[in-house]
Amino acid sequence: AAATAAGPTPATPTAAAPATAPAAPSGTFDGSVVQTSYGPVQVSVTIANGTITEVTALQLTNDGGRSVMISKQAAPILRGEVLTAQSSQVQNVSGATYTTNGYLTSLQAALDAAKF
């Protein structure tokens, strides 16, 4: 028969999990309106149980046809990058620097509002 130790038996570790884990953010959060040289940019982010599930451009640069064209090309690229990265830390879209900066700044404000 195996001998048992005379000391206290180790308890199952329960300290690994925090006593009260913060709830994962859920909901739709609007970012701030960011003024760029080519017009305002604003995005909204939808989060479900701590996962970014959607990013919607509420406003994109609108100063001139070229600016509108660039924003319409950049927005789906940025959306895809954000959904993949699950953060606002994504690459700049080449040729759409103002749109990218406004988009990501507004997105970060929405994520901050969500405590994401």
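**Three loop residues: Ser-88, Gln-86 and Asn-49**

In this predicted model, let me start with Ser-88, whose side chain makes a polar contact of 3.5 Å with the side chain of Gln-89. A polar contact of 2.4 Å also joins the side chain of Ser-88 to that of Gln-108. As for where Ser-88 sits, you will find this residue in the loop between helix H1, residues 65-85, and helix H2, residues 97-113.

Is Ser-88 buried or exposed? Its relative accessible area is 8%, and because anything under 20% counts as buried, Ser-88 is buried. If we leave aside residues up to four places away in sequence, Ser-88 touches Leu-104, Leu-107, Gln-108 and Leu-111, so that Gln-108 appears both in this list and as a partner in the polar contact of 2.4 Å.

Staying in the loop between H1 and H2, I would like to turn to Gln-86, which lies there too. Gln-86 is partly exposed, with a relative accessible area of 25%, and although Gln-86 is not a glycine, it has a positive phi of about 60 degrees. Most residues other than glycine have a negative phi.

Which other loop residue, although not a glycine, has a positive phi of about 50 degrees? That is Asn-49, which is placed in the loop between strand S3, residues 39-48, and strand S4, residues 51-59. With a relative accessibility of 63%, Asn-49 counts as exposed, because the cut-off for exposed is over 50%.

Methods:
Residues are numbered from 1 along each chain as its sequence is written. This is a predicted model: local features need pLDDT of at least 70, side-chain atom pairs count only at pLDDT 80 or more; totals for chains, interfaces and linings use all residues. Side-chain values use heavy atoms; hydrogens and water are left out. Helices (H or I, at least four residues) and strands (E, at least two) are DSSP runs, numbered from the N terminus. Buried means under 20% relative accessible area, exposed over 50%, partly exposed in between (1.4 Å probe, protein chains only). A polar contact is a pair of N or O atoms within 3.5 Å; within protein, one must be able to donate a hydrogen and the other to accept it, and residues adjacent in sequence count only if both atoms are side-chain atoms. Contact means heavy atoms within 4.5 Å.
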